Amino acid sequence: TLTGCGGGNSGSSSGSVSGSTSVGSSAAQSAAWRTGLGVLTETTGTDRAGNIHTVAAAVLLDADGKLAGVTLDELELSVSADSTGKVTTPTDTRTKRQKGDDYPLAAVSSLKKGWAEQADAFGNYLTGKTPDEVKKLATDDDGKPKDADLLSTCTIAVDGYRDAVVRACENAKAVGSARGDRAVLGVSVRNDTKELTADDDHDVTAQVDITVAALTLDADGRVTGAVADVAEPALTVGADGTVSAPEMVKTKVELGDSYGMRGASSLDKEWYEHSEGWCDYLKGKTRAEIAGIPDDGSDADLAALCTISVTELQKAALAAFAEE
């Protein structure tokens, strides 16, 4: 939300795992597979401009702790201001994956490949590696990979994607995912207010809410596990157009109990616990069934687990299906 005041694979094989879930798989084996979500946000501000840059990664780790699926996405938003304090906010809040051919990388790429193709090639390259091996992936001063095999399929800077994958692995937990599942990622961005002007008495805050969902799907397209998070990066604009950015942007899950929702919750739950309830509610559901979930709190089963607004969480989950 921007407020005045006084934050799939496009047909590729990335994120997919060969094989199918065995009917005889033990619960212990399934529990060993983990799903993770990593969301890294950086903000910058100058005299007249500010930027919000978010990288997200969904990962599936197998029973040996190795990557069995990786899906990536990236969001870049710009905010500008003039000397009168008038703020211009972004109108296109699509991620690079969502933009598809509208993000014109292929034309200037030596590989003649678009962003999704190269990001998915990077995800495929990481499949089978341990988180420690990913962490040690070497890049040059521009963030581009040094490995010749990887460069043959991906020439974009990957240092941010590497770090997001590492974060996702660190966050990974057993939520029901199993062998044969594929990992997908969805992003929903909300930017409600389009016009802001700071004055001598009031700075304004340009904030965008970025909701991210990592899902694992079985062969029938049903959710086996889910993890969701929200980043709320905010830029402050003064009357002279100066844009300042926070030093650090933590997600709601990273804020944990310090987010401060528990006292106002009828369920005595923090935000991350409501999110866990929502994600648990998604298990076993198809895209059509998730699309049919009412977002007004009228579903009694959902209300017993989660009473926060699920509108953006639902959009992010549906976006994950759209990108598989």
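Mentor: One definition before we start: a residue is buried under 20% relative accessible area, exposed over 50%, and partly exposed in between. Keep in mind, too, that this model is predicted.

Trainee: Got it. So is Arg 262 buried, exposed or partly exposed?

Mentor: Its relative accessibility is 25%. Buried needs under 20% and exposed needs over 50%, so Arg 262 counts as partly exposed.

Trainee: Which residue forms a salt bridge with Arg 262?

Mentor: Look at the closest N and O atoms of the pair, which are 2.8 Å apart. The cut-off is 4 Å, so the contact counts. Arg 262 sits in the loop between helix H7 (252–255) and H8, and its partner lies in helix H8 (residues 271–282), so parts 11 residues apart in sequence get tied together. The partner has 22% relative accessibility and counts as partly exposed. It is Glu 273.

Trainee: How many salt bridges does a search of the whole structure find?

Mentor: Side chains of opposite charge can pair when their charged atoms come close. One such pair is Asp 192 with Arg 190, at 3.3 Å between the closest N and O atoms. Asp 192 is partly exposed at 48%, and so is Arg 190 at 30%. For the whole structure, the search gives 18 salt bridges.

Trainee: Which residue forms a salt bridge with Lys 96 at 3.0 Å?

Mentor: Lys 96 is in helix H2 (residues 96–99), and the partner is 22 residues apart from it, in strand S4 (residues 67–81). Both ends are buried: Lys 96 has 9% relative accessibility, and the partner has 6%. The partner is Glu 74.

Trainee: Which residue is linked with Glu 74 and Lys 96 in a network of salt bridges?

Mentor: We already have the bridge between Lys 96 and Glu 74. The network joins these two with another glutamate, Glu 76.

Trainee: What about cysteines: how many disulfides are there?

Mentor: The sulfurs would have to be within 2.5 Å. For Cys 154, the closest cysteine sulfur is in Cys 169, and 17 Å is too far for a bond. For Cys 279, the closest one is in Cys 306, and 8.9 Å is too far as well. The count comes to 0.

Trainee: Which residue pairs with Trp 115 as an aromatic pair?

Mentor: The count gives 1 aromatic pair, with centres 6.0 Å apart and 80° between the planes, which makes it edge-to-face. Trp 115 is in helix H3 (residues 115–126) and its partner in helix H6 (residues 159–171), 46 residues apart. Trp 115 is buried at 3%, and the partner is buried at 4%. That partner is Tyr 161.

Trainee: How many of the 12 residues of H11 are buried?

Mentor: Among the buried ones are Glu 312, Leu 313 and Phe 321. Their cover includes H2, strand S6 (182–190), H8 and helix H9 (287–291). H11 is largely enclosed by the rest of the structure, because its buried residues number 9.

Trainee: How far apart in space are Glu 323 and Val 184, C-alpha to C-alpha?

Mentor: Glu 323 lies in the segment after helix H11 (311–322) and is buried, with a relative accessible area of 12%. In sequence, Glu 323 and Val 184 are 139 residues apart, yet in space the distance is 7.1 Å.

Trainee: In which strand is Leu 77?

Mentor: Leu 77 is buried at 3%. It touches several residues well along the chain, including Gly 50, Pro 90, Val 189 and Val 208. Its strand is S4.

Trainee: Where does pLDDT stay under 50?

Mentor: The mean for the protein chain is 91, and 90% of its residues reach 70 or more. Where pLDDT is low, the predicted coordinates should not be read in detail. Here, the stretch that stays under 50 is residues 1–26.

Methods
Residues numbered from 1 in each chain as written. Heavy atoms only, no water. Salt bridge = Lys/Arg side-chain N within 4 Å of Asp/Glu carboxyl O. Helix = DSSP H or I, 4+ residues; strand = E, 2+ residues; numbered from the N terminus. Buried < 20%, exposed > 50% of the residue type's maximum accessible area, 1.4 Å probe, protein only. Contact = heavy atoms within 4.5 Å. pLDDT = per-residue confidence, 0-100. Phe/Tyr/Trp six-rings, centres within 6.5 Å; stacked < 30°, edge-to-face > 60°. Lists of a residue's contacts leave out its neighbours within four places in sequence.
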